[in-house]
Amino acid sequence: MMRLNGLRLLSAVFISTAVHYVETSRAVSDLVEELLSATRYNRRTRPAADRGIPLDIFININVNDISSISEVSMEYSMTLYLRQMWRDERLTYTSYNRSITLNHNQFDRLWTPDVFVRNLKAGVFHSITVPNRLIRLWPNGTILYSQRLTLTLACDMVLDKYPMDNQTCKIEFGSYAYTTEDLVFKWREDALPVEMSQAINLPEYVITGITHLVCSTSFSSTGSFPCLSAFFHLNRRLRAYILTTYLPSFLVVLLSWLSFWIDLESAPARTSLSILTILTITTQSSGLLRSMPAGSFTKAIDIWMATCLVFVFGAFIEYSIVNTLSRRQKAKSMKQAAAAAATRPSKKPQETIVFKCSSCLREAKETAKNGWADDQQPSNTGPRQRNLSPEEGSGGAGGNEDGGEKAGKADPCFPQSKEVFAMAVTADVAAASNVKRFWPAQLSKNKAVAVEVFSRILFPIMFLVFNLIYWPMYLF
């Protein structure tokens, strides 16, 4: 019996609650219909228009995501909740003491501010699974209007210090038709004007701060319009650029300086190294240009890459100068050696020295360094001979006319006099050994060696001075 009474009581409570809910829902529905009826509410006129005073619109935004910050198109994208609040005395009610959330099908029956985004390039209003909008009414006539948007906004970037720059991107709201005599935009005081999701983490930037202000825009032909602006202060992350751009180009410059320690005679090695470093720097610069907007302004990364190219190209020009001076020095040494040999008494007149290949010269230098053998000592016995075929003729220079020797001809790869050749090669080896001594008196005798030695010191010092000026200028 007691159990039956309990079930009856529970059923009565459930039925009473259900009836109350149905009656409340019906009452709320009837209230909304009454508030938005055409005889009482005109959605074509703004609130307080009959009193001739401007209506205050309170706005705040909740930024859900920031992405796609592009320097090429100078834009960025964000997803946000735009919330607007205002008071409409025509929608006050007393029969229900709670707020009312309207269905999205009733949005078109209400007056809403004509807020637009001034720096908008493209936008998307989300409608999956239902239109992402909210309208809530309070008994005193206060209305909350919220909508979820994805916007692509213009951002005027200053790239003079790129990639050590700090950018400020803004979002600006304004009224398209109503002037400041009709609407006044204000940031909400009971909530943060700009709320940021804690999950936002930009790969290339760090958000260092957010500022906001109230503004108005005046046009001579249409009047003054209200607006609100929010600024996002972004600091670019430099670590990735150090690893992908600055460090590789720095190492390429250091690599170009290795040519200063390569033998002057190794022309293929030095030329290949110089051309390789120049092409590497040029390729890096081209890749950076493709990721940046076209413009006549100069960026910090442009100055760095241009300077690296100048140093790499300077190393190539240095070898051209050294090579020219070295050939002149060799020719001068040969002339002096020939003149000195000509003044000495000899059984046969000395002949002019002519080198036909560099391999013989290198071989002779090694011989001069290690000492001349007995059969290689300078003498006046004539030039080194080689056998000739019958077609090559007979009676070459230094040949024996009585047939004791075969007709010969001077080896085109060797000079015509061992004594002159030995003196010239020994002088050349002695000059080359000045690289290790660094004495000014010795360097002054060989300009090629002097340029080489000074380049080893001058290039690093100049590059160090450039770095001491470049980094403080753009980092601070």
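Contact here means heavy atoms within 4.5 Å. The model shown in these views is predicted.

**View 1. Surroundings of N467 in helix α8.** Setting aside neighbours within four places in sequence, N467 is in contact with W304 and P472. The relative accessibility of N467 is 14%, so this residue counts as buried, the limit for buried being under 20%. A polar atom of the N467 side chain lies 2.7 Å from the backbone oxygen of F463. Helix α8 is the element that holds N467.

**View 2. The aromatic pair of W304 and Y470.** A pair of aromatic rings is described by the distance of the centres and the angle of the planes. For W304 and Y470 the centres are 5.5 Å apart and the planes stand at 50 degrees, a tilted arrangement. W304 belongs to helix α4 (residues 300–343) and Y470 to helix α8 (residues 447–475), so the pair ties together parts that are 166 residues apart in sequence. Both W304 and Y470 are buried.

**View 3. The aromatic pair of F313 and F316.** The ring centres of F313 and F316 are 6.5 Å apart and the planes are at 40 degrees, so this pair is tilted; planes under 30 degrees apart would count as stacked and those over 60 as edge-to-face. F313 and F316 are 3 residues apart in helix α4, and therefore about one helical turn separates them. F313 has a relative accessible area of 43% and is partly exposed. F316 is also partly exposed, at 22% relative accessibility.

**View 4. A cluster of aromatic residues linked by ring pairs.** The members are Y246, F250, W257, F260, W304, F311, F459, F463, F466, Y470, W471 and Y474. Two of these names recur from View 2: W304 and Y470 form the tilted pair with 5.5 Å between centres. F463, another member of the cluster, supplies the backbone oxygen that lies 2.7 Å from the N467 side chain. The count of aromatic pairs comes to 22.

**View 5. H126 in the loop between β5 and β6.** Strand β5 spans 120–125 and strand β6 spans 133–137, with H126 in the loop between them. The side chains of H126 and T150 make a polar contact of 2.6 Å. Residues up to four places away in sequence aside, H126 touches T79, P131, N132, R148, L149 and T150. T150 thus appears both in the list of residues touched by H126 and as the side-chain partner in the polar contact.

Notes
Residues are numbered from 1 along each chain as its sequence is written. This is a predicted model: local features need pLDDT of at least 70, side-chain atom pairs count only at pLDDT 80 or more; totals for chains, interfaces and linings use all residues. Side-chain values use heavy atoms; hydrogens and water are left out. Rings of Phe, Tyr and Trp (its six-membered ring) pair if their centres lie within 6.5 Å; planes under 30 degrees apart count as stacked, over 60 as edge-to-face and the rest as tilted. Helices (H or I, at least four residues) and strands (E, at least two) are DSSP runs, numbered from the N terminus. Buried means under 20% relative accessible area, exposed over 50%, partly exposed in between (1.4 Å probe, protein chains only). A polar contact is a pair of N or O atoms within 3.5 Å; within protein, one must be able to donate a hydrogen and the other to accept it, and residues adjacent in sequence count only if both atoms are side-chain atoms.
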